[in-house]
Amino acid sequence: MSRRCVIALAVAGLLLAGGLPASAQTTTGRIIGQVVDPNGEPLAGVTVTVASGAVMGGTRTAVSG
């Protein structure tokens, strides 16, 4: 294998490897679940709040349907 080919493959590998961490960074996500009473019956109109130091912009609040 020629030296040029080895260099081209190394550069291509570095460029591809450099793009991998960026593709793993996402700003979206979901939490899916059900709000139920002690008998397992679904509850509507319950306010659910998610709080974490990792949540951008503070807490998130939703109302169950």
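Partly exposed means a relative accessible area between the buried limit, under 20%, and the exposed limit, over 50%. Keep that in mind for the views below, which come from a predicted model.

**View 1. The whole chain, from helix to strands.** Start by getting your bearings: the protein chain has one helix and two strands. Walk along the sequence and you meet them in the pattern α-β-β. There are 65 residues here, and just 2% of them count as buried. The accessible surface adds up to about 5800 Å², with 62% of that area belonging to carbon and sulfur atoms. What share of the contacts with a separation of 6 or more comes from residues 24 or more positions apart? It's 3% in this chain.

**View 2. How confident the predictor is, element by element.** Across the protein chain, pLDDT averages 80, and 82% of the residues score at least 70. Which element has the lowest mean pLDDT, and which the highest? Helix α1, residues 3–23, sits at the bottom with 75, while strand β1, residues 47–50, comes out on top with 90.

**View 3. A nonpolar patch with Ile7 in it.** Zoom in on helix α1, and you'll find Ile7 there. Together with Val11 and Leu15, Ile7 makes a nonpolar surface patch of about 300 Å². Is Ile7 buried, exposed or partly exposed? Its relative accessibility is 45%, so Ile7 counts as partly exposed.

**View 4. Asp37 and two backbone nitrogens.** Now slide along to the loop between α1 and β1, where Asp37 has its place. The Asp37 side chain has two backbone partners to look for: the nitrogen of Asn39, at 2.9 Å, and the nitrogen of Glu41, at 2.8 Å. Why is Asp37 called partly exposed? Because its relative accessible area is 21%, and the buried label needs a value under 20%.

**View 5. Ala51, out in the loop between the strands.** Look between β1 and β2 and you'll spot Ala51 in the loop. With 57% relative accessibility, Ala51 counts as exposed, since that label takes over 50%. How far is Ala51 from Thr61 in space, C-alpha to C-alpha? The answer is 8.8 Å, and the two are ten residues apart in sequence.

**View 6. Ser64, tucked in after β2.** Finish in the segment that follows β2 (60–63), which is where Ser64 is found. Ser64 has a relative accessible area of 18%, so this residue is buried; the limit for that label is under 20%. Which residues does Ser64 touch, leaving aside those up to four places away in sequence? They are Val35, Leu43, Ala44, Gly45 and Val46. Try picking out each of these contacts of Ser64 in the structure above.

Note on methods: Residues are numbered from 1 along each chain as its sequence is written. Side-chain values use heavy atoms; hydrogens and water are left out. Helices (H or I, at least four residues) and strands (E, at least two) are DSSP runs, numbered from the N terminus. Buried means under 20% relative accessible area, exposed over 50%, partly exposed in between (1.4 Å probe, protein chains only). Contact means heavy atoms within 4.5 Å. Accessible areas come from the Shrake-Rupley method with a 1.4 Å probe; for residues, only the protein chains shown count as cover. pLDDT is the predictor's confidence in each residue, from 0 to 100. Patches are made of residues with over 30% relative accessible area and no salt bridge: like charges are joined within 9 Å, nonpolar side chains (Val, Leu, Ile, Met, Phe, Trp, Tyr) within 5 Å. A salt bridge is a side-chain nitrogen of Lys or Arg within 4 Å of a carboxyl oxygen of Asp or Glu. A polar contact is a pair of N or O atoms within 3.5 Å; within protein, one must be able to donate a hydrogen and the other to accept it, and residues adjacent in sequence count only if both atoms are side-chain atoms.
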